[in-house]
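These are my notebook entries on a single protein chain. I set down what I looked up, entry by entry.

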Amino acid sequence: MTKFGKRFAAGCCLASLGVASPALADVTVGPRVSYYFDNSNLRTSDLNGLQDARQVVDEALTQDLRDASGFDDLTVTVQDNGSASNSDQVGFPMIGGMINFGNDRDRFTLTAMIGSGKTTTELVSSREVEVTVGDIFFNELSVIQTVVSDEVDRIDAELTWQRRLNENFAILAGARYERLDIAGQGAITIQSTDEVQAFVAETLGEDAPSRNLDGAAQPTDIATDRTLETYSARVGVTAFVPFNEGAVAFFNGMIQGSYQPSTNFNTRFFGVNGDLVREEDRIDSGELSIGPDFAVGAQFALAENIALDIRYRAILYFPISGDFDFGDTRVNHGVNLGVSFRL
């Protein structure tokens with residue numbers, strides 16, 4: 001292979017990775033395929049607030065029962081006893097492309113990829129409801145199981161600037177945008193004792209205000225929708241070393257800071273006939289995070305104007321604000337394969 005061919009091949013890969021190259025071509029383009037994993041749905045520290053087992057008074061039901069029974073010392077309390085979640089991280093087969101342009105000192109790379117994945121999440125929680133009248137009390141325990149299958153569409157877009165320092169090192173900086181559109185279908189099943197329900201029904205002369213959504217014994221169908229967006233800025237360095245004829249190994253290391261805006265979590269509940277029973281919207285807090293972003297891999301020259309590169313990349317997001325603990329890290333990682341063509 002000619003010296004030009006070897007230098008071009010390194011340039012194709014390393015420019016597309018945001019690393020140093022002699023940049024002999026004004027424009028390089030190429031397709032990209034990858035398989036990435038995202039553990040966003042595995043984080044559970046936001047459930048800690050439910051595990052405090054704090055009792056709260058159901059003011060509305062308490063007042064209704066006092067009015068109907070005449071007992072002024074009647075109180076209805078509700079206690080959440082905690083929740084547990086079980087799920088698999090989402091795997092995304094993705095496809096996209098990149099374009100790299102600039103001069104032999106400063107290069108810019110724009111990469112965009114799309115993909116989709118699936119996962120199933122099970123959430124189990126328990127709740128205790130107690131009615132007290134003087135020294136008399138009625139106690140009811142409920143176990144609530146929610147199983148939802150999510151379909152997740154993913155978009156990644158990234159712009160990187162790199163400045164060559166010498167033949168083996170460069171500095172780089174850039175911005176990244178990630179979007180997850182999540183649509184879920186599932187069911188909620190509630191199993192409970194009926195002491196409180198029976199007391200409320202007898203006292204009010206009607207069925208108790210339903211805590212089982214539509215009052216049905218069978219599971220209640222639900223549908224959920226939410227969108228998670230992440231905006232990131234990053235800066236770092238890169239190094240590469242030729243290790244064979246037409247082959248280059250590289251390491252790319254950056255520090256990133258990210259912001260995920262607050263999101264709306266929409267849930268719709270359906271009855272036995274498929275009719276919409278209720279709709280709820282929950283606002284989840286925004287999140288600031290920091291962490292490393294690194295990639296390691298190798299590039300191989302296939303021809304004078306064509307190069308193949310493969311890499312493993314991992315991005316870690318340590319929350320510093322929002323609903324999750326600092327140690328409850330979000331991780332994106334996976335392998336990427338690309339072919340670069342010099343125009």
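**Entry 1. A helix pair**

I looked up the hand of the crossing of helix 2 and helix 3 in this predicted model, and the crossing is left-handed. Helix 2 covers residues 59-69 and helix 3 covers residues 195-204. I noted an angle of about 50° for their packing, with the axes 9 Å apart. An angle between 35 and 65 degrees is neither roughly parallel nor roughly perpendicular, and the two helices are therefore oblique to each other.

I then listed the residues that make the contact. Helix 2 contributes Leu61, Asp64, Leu65, Ala68 and Ser69. From helix 3 come Phe199, Val200, Thr203 and Leu204. I sorted the residues of this contact by character and obtained six nonpolar, two polar and one charged.

**Entry 2. Aromatic pairs**

How many aromatic pairs does a search of the whole structure find? I recorded five, and I wrote out two of them.

One of the pairs joins Tyr35 and Phe37, with 5.2 Å from centre to centre and 65° between the planes. Planes over 60 degrees apart count as edge-to-face, so I entered the pair of Tyr35 and Phe37 under that heading. I also checked the accessibility of both residues. Tyr35 has a relative accessible area of 36% and is partly exposed. Phe37, at 27%, is partly exposed as well.

Another pair is that of Phe318 and Phe326, again 5.2 Å from centre to centre but with 25° between the planes. The limit for stacking is under 30 degrees, so this pair is entered as stacked. Phe318 is partly exposed, with a relative accessible area of 22%. For Phe326 I noted 46%, which is also partly exposed.

**Entry 3. His333 in strand 14**

I turned to His333, which lies in strand 14, residues 330-342. Which residues does His333 contact, leaving aside its neighbours within four places in sequence? I found Tyr35, Tyr36, Phe37, Gln89, Tyr312, Arg313 and Ala314. Tyr35 and Phe37 of the edge-to-face pair are thus among the contacts of His333. I also took the C-alpha separation of His333 and Leu316, which is 8.5 Å for residues 17 apart along the chain.

**Entry 4. Two positions in strand 6**

Strand 6 runs over residues 136-164, and I looked up two of its residues, Ser142 and Leu159.

Is Ser142 buried or exposed? I found Ser142 buried, with a relative accessible area of 3%. Not counting residues up to four places away in sequence, Ser142 touches Ser125, Ser126 and Arg127, together with Ile190, Gln191 and Ser192.

Leu159 is partly exposed, at a relative accessible area of 42%. With the same exclusion of residues up to four places away, Leu159 touches Thr109, Leu110, Ala173, Gly174 and Ala175. I noted also that Leu159 and Phe108 are 51 residues apart along the chain, while their C-alpha atoms are separated by 7.1 Å.

**Entry 5. Tyr259 in strand 9**

I located Tyr259 in strand 9, residues 247-260. Its relative accessibility of 39% counts as partly exposed. I listed its contacts beyond four places in sequence as Glu229, Thr230, Tyr231, Glu287 and Leu288. Tyr259 and Ser232 are 27 residues apart in sequence, with 6.4 Å between their C-alpha atoms.

**Entry 6. Gly297 in strand 12**

Gly297 is found in strand 12, residues 287-303. I recorded a relative accessibility of 22%, which counts as partly exposed; the limit for buried is under 20%. What does Gly297 touch, not counting residues up to four places away in sequence? I noted Val248, Ala249 and Phe250, and also Ile310 and Arg311. The C-alpha atoms of Gly297 and Phe240 are 9.6 Å apart, for a sequence separation of 57 residues.

**Entry 7. The whole protein**

I closed with the overall counts. The protein has three helices and 14 strands. Of its 343 residues, 44% are buried, and Ser142 is one of the buried residues. Among contacts with a separation of 6 or more, I found that 73% are between residues 24 or more positions apart.

Notes:
Residues numbered from 1 in each chain as written. Predicted model: local features only at pLDDT ≥ 70, side-chain atom pairs only at ≥ 80, totals over all residues. Heavy atoms only, no water. Axes fitted to C-alpha atoms, helices over the stretch in contact; angles between N-to-C directions. Helix = DSSP H or I, 4+ residues; strand = E, 2+ residues; numbered from the N terminus. Parallel < 35°, antiparallel > 145°, perpendicular 65-115°, else oblique. Left-handed = near helix turned anticlockwise from the far one by under 90°. Contact = heavy atoms within 4.5 Å. Nonpolar A, V, L, I, M, F, W, Y, C, P; charged D, E, K, R; others polar. Phe/Tyr/Trp six-rings, centres within 6.5 Å; stacked < 30°, edge-to-face > 60°. Buried < 20%, exposed > 50% of the residue type's maximum accessible area, 1.4 Å probe, protein only.
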